[in-house]
Structures are given as structure tokens and as C-alpha cells.
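Visitor: I would like to learn how to read the features of a model such as this one. Could you take me through it slowly?

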Amino acid sequence: MGESKSAVVTLPEVFGPDLLTEGIRSRLRALIETMIEAELDAALEAARYARTESRAGTRNGSKPRTLHTSFGPVELEVPRARLRAREGAREWRSEMLPRYQRRTPRLDETLLGLYLSGTNLRRIQAALRPLLDGAPVGKNVVSRLTRRLRDHLEAWKHRSLKETSYVYLYLDATNLNVKVLGRVRKVPVLVALGVRLDGQKEILAMEPQVREREASWREVLESVTRRGFNRPTLVVIDGHAGLRVAIDATWPGVKVQRCCVHKLRNLQMYCLKEEYPQVRRDFHEIAGAESRPEAEAALRKFVRASQERAPKVVRSLEEAGPELLTFYDFPQEQWKGLRTTNPIERLNLEFKRRVKTQGSLPSEASAVLLLFELLASGQLRFKKIAGASKIVDVVKAVSEQIKQAS
């Protein structure tokens with residue numbers, strides 16, 4: 001009697017052999033070895049078997065190594081060599097493939113991203129079995145990767161901002177679901193995003209806090225100031241009262257723009273469901289006007305029409321005061337980018353997309369590390385602000401105002 005066939009169907013049986021990946025992997029060895037050979041030729045200043053007086057060392061055979069890549073494991077023969085130097089001969093070491101590297105950086109990024117998202121090691125090993133294929137991936141490996149990322153995060157948090165000029169500053173909080181003392185809680189991460197002279201947006205700080213309050217925002221603003229951040233021309237914020245107080249304490253008299261999207265959400269809270277479509281249309285006439293006088297006229301019209309039927313809506317709208325219309329003081333090409341905190345909202349959306357399969361994150365530290373990993377890996381990119389070419393005009397106008405005032 002023959003051996004009984006397993007009742008469990010494996011995925012390779014379902015999808016069939018992966019001839020494309022196998023073909024790429026077979027070529028990958030030759031490609032990697034060719035690149036390392038070229039690196040060694042440059043270090044020796046001579047190709048293999050070449051006889052030249054400028055040769056900087058001698059080859060010394062090769063050694064086998066298994067490199068785990070995004071296409072699975074690749075068996076390599078890594079060349080060895082001795083380089084001549086004044087202090088004596090030394091062993092050549094490849095910069096392309098460091099001495100103890102057993103996995104490609106992209107595979108390490110995948111491992112770390114899965115772990116920070118809350119996936120345990122057993123599930124990681126199961127999910128990446130075709131790529132790992134025997135590679136040792138235990139707690140020590142993940143701890144080493146996490147420690148390396150944490151070191152970079154600490155250096156990033158304390159980096160100097162003196163050498164870059166920032167014109168605009170967006171401030172808002174991103175709320176993350178994190179397990180704290182056995183319960184899932186919303187942990188606010190206070191985010192500062194600056195706009196440089198060239199119009200490029202750049203995250204300056206991401207600080208987790210117990211709650212969003214004045215003292216928390218003061219800590220963030222004092223931190224960026226200590227690192228060399230100068231007084232901005234405009235600060236774009238939501239309606240958080242503590243944040244507004246912290247801004248006044250840090251940069252008295254600075255121009256502030258209240259986020260139009262946040263304000264519209266607030267208005268929705270104070271009106272009936274049937275009334276909201278009209279409220280939204282009236283609000284868009286204010287925030288979407290062609291000029292400040294037109295916006296102010298639309299605002300007065302809104303107040304007159306809603307004073308009796310929706311007094312709470314009017315009070316909420318008037319609470320923002322002139323700061324709802326500050327963006328009209330800047331070039332029209334920039335209005336769309338200056339009237340909301342949407343750039344920071346995009347950070348929140350990208351983060352939620354990354355962790356949508358998890359209900360929460362395992363810790364506050366892993367949440368911030370995952371945010372930083374999104375940033376450091378280039379997965380989170382910001383476009384230049386609309387009307388970036390007009391920033392120079394804004395800076396000139398501010399300088400002229402300072403001269404006249406003095």
C-alpha cells in the first residue's frame with residue numbers, strides 16, 4: 001500500500017510552481033556576484049588576473065554565504081582579498097554586502113514593519129516562510145532591528161533645524177489606538193510639519209503624549225525652538241484651545257490660520273441633519289471666496305441668515321474670528337494649501353492604512369517607531385505646497401514689514 005496523501009492542500013499546490021521567481025533567483029546570484037567582483041576590482045585597482053604595478057592587494061579565494069532576499073534565499077560565493085596599507089595588510093570587506101549581513105535591508109524593513117504593526121514572531125515566520133527559508137529570525141534579530149531604528153529615531157528627534165528656513169508650520173494631533181495597561185486607548189501623537197523656502201513639507205516632530213493639552217503642545221514647540229526653528233510666518237492649526245495658548249506663549253502675535261475642515265466639522269455638530277447641506281454650502285462661500293472682502297461679506301450673510309434658526313452654529317463660526325480667513329493674506333496660489341491641516345491628516349490616513357488589519361498597536365513605543373519607519377522608508381512622502389514659487393514673495397513682504405516697523 002502506498003503512502004497516504006496529506007489532506008491539507010499546500011499553497012504551492014493551489015497556485016502552481018513560481019517559475020518567474022525561480023528564474024529571477026537563478027539570475028540574481030550571478031548579478032550579485034558580478035557587482036561584488038566589480039567592487040573588489042575597484043578596491044584592488046586591478047581586474048582579476050591583471051598584472052599592474054598599481055595593484056593595491058591580492059585576492060584570497062572566496063567563501064560561501066546565504067543571503068535572504070525579497071526573492072528568497074540566494075547562495076553566493078563572496079570573494080576575499082588582502083589590501084596593502086602602511087600599517088600592514090588588512091582584509092578587504094565589501095560595503096555592498098557587509099560582513100555579517102544575512103538579509104537584504106528591504107527584507108529587514110518588512111520584518112520590522114510586521115513586528116511593529118503587532119504581528120508576533122510565529123506569524124511573521126509563517127507569512128514569510130518562502131523568503132526566510134531557514135533564516136534565523138528570533139527575538140534577538142527583531143530586537144536588534146528595533147534598537148537600530150530606535151537609535152535613528154532618537155537622532156532624528158534631536159537633529160538641528162538651524163540650517164533650514166521654514167516659512168509655514170502645521171500643527172495637529174494624530175490619534176493612535178494603543179494597548180495601555182491592558183486596555184486599548186487613543187494616544188495622541190502631536191505632529192509639527194514645516195514648509196521650507198522651496199515649498200517642500202517636512203515633519204519636524206512627532207511626540208506621543210498622555211493627552212492633548214496646552215502643556216503638551218508647549219513641550220513640542222519649545223523642543224523645535226531649542227533645535228533652531230525660527231518664528232514662522234504662519235501657523236495652521238485646528239481649534240484646540242490649549243494649542244492656541246501655547247502658540248501665543250512661544251511666538252506672541254504670530255499669524256494663525258484655523259483649519260476650515262475642522263471648523264466645518266464643528267458646525268455639523270450644532271445643526272440638524274437636514275440643515276447641514278445648506279450650512280456646508282454657505283460655509284464654502286466663505287472659505288472659497290475669490291477675495292477677503294467677498295469672504296467677509298459671505299460670513300456676514302451667513303450670520304444674518306442663521307442667527308435665529310441656528311444660534312449655536314453661528315457662535316461656533318464666530319469663535320474662530322478673523323483667524324478663519326488669515327489665508328487670504330497670502331498669495332492666492334497658496335490658499336488651498338494654507339486653509340486646512342490636511343497634510344497632517346494625510347499622515348493619519350497613511351498610518352491607518354498600514355495598520356488596518358490590527359485593532360490596535362502593542363505599545364506607545366511601537367506606534368511611534370512604526371510612524372517613523374513609514375517616514376524613514378520613504379513610504380510617507382509630502383508634495384510641495386501649492387504655489388511654492390510664491391514663498392519668496394511672502395518672505396520679501398515680511399522682511400519689508402519688519403523694516404518699516406523698525
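**A buried loop and two sheets**

Guide: Let us begin with Thr340, which lies in the loop between helix 13 (335-338) and helix 14 (342-354); here helices (H or I, at least four residues) and strands (E, at least two) are DSSP runs, numbered from the N terminus. This is a predicted model, in which local features need pLDDT of at least 70 and side-chain atom pairs count only at pLDDT 80 or more, while totals for chains, interfaces and linings use all residues. Residues are numbered from 1 along each chain as its sequence is written, and side-chain values use heavy atoms, with hydrogens and water left out.

Visitor: Is Thr340 buried or exposed?

Guide: The general idea is that buried means under 20% relative accessible area and exposed over 50%, with partly exposed in between (1.4 Å probe, protein chains only). Thr340, at 8% relative accessibility, counts as buried.

Visitor: Which residues is Thr340 in contact with, leaving aside its neighbours within four places in sequence?

Guide: Contact means heavy atoms within 4.5 Å. With those neighbours within four places left aside, Thr340 is in contact with Tyr170, Val236, Cys259, Cys260 and Val261. In addition, the side chain of Thr340 reaches the backbone nitrogen of Asn342 at 3.2 Å; a polar contact is a pair of N or O atoms within 3.5 Å, where within protein one must be able to donate a hydrogen and the other to accept it, and residues adjacent in sequence count only if both atoms are side-chain atoms.

Visitor: Two cysteines appear in that list, so how many disulfides does the structure hold?

Guide: A disulfide is a pair of cysteine sulfur atoms within 2.5 Å, and the structure holds 0 of them. The sulfur of Cys259 has its closest cysteine sulfur in Cys260, at 6.6 Å, which is too far for a bond. Both residues are buried, Cys259 with a relative accessible area of 2% and Cys260 with one of 5%.

Visitor: How should I read the order of strands in a sheet, and what is the order in the sheet of 5 strands?

Guide: Two strands pair if DSSP finds at least two bridges between them. The 5 strands form an open sheet in the order 6-5-4-7-8, and the pairing is mixed. Its edge strands are strand 6 (201-208) and strand 8 (255-258), each of which pairs on one side only. From one strand to the next, the twist averages 25°. Helix 8 (residues 241-250) packs on this sheet, touching strand 4, strand 7 (234-237) and strand 8, and its direction makes about 165° with that of strand 7; axes are lines fitted to C-alpha atoms, for helices over the stretch in contact, and angles run from 0 to 180 degrees between N-to-C directions.

Visitor: In which sense does strand 4 pair with strand 5, and in which with strand 7?

Guide: Strand 4 (residues 166-180) and strand 5 (residues 183-196) pair in the antiparallel sense over 14 bridges, and Ala173 stands opposite Leu190 in strand 5, while Val178 has Arg185 as its bridge partner in that strand. The hairpin of strand 4 and strand 5 has 2 residues between the strands, and Leu181 there takes a positive phi near 55°. Strand 4 and strand 7, by contrast, run parallel and are joined by 3 bridges, with Leu169 opposite Val235 in strand 7. Because 11 of its 15 residues are buried, strand 4 is largely enclosed by the rest of the structure.

Visitor: Where is Phe229 found, and which residues does it touch?

Guide: Phe229 is found in the loop between helix 7 (214-226) and strand 7, and at 3% relative accessibility it counts as buried. Not counting residues up to four places away in sequence, Phe229 touches Leu161, Tyr166, Leu169, Leu204, Val224 and Trp251. Phe229 and Leu161 are 68 residues apart in sequence, yet 5.5 Å apart in space, C-alpha to C-alpha.

Visitor: What is the order of the sheet of 3 strands?

Guide: That open sheet has the order 1-2-3, with antiparallel pairing. Strand 1 (57-69) and strand 3 (90-91) stand at the edges, each with a single partner strand, so one side of each is left without a neighbour in the sheet. Strand 1 and strand 2 form a hairpin with 2 residues between them and are joined by 11 bridges, whereas 2 bridges join strand 2 (residues 72-83) to strand 3.
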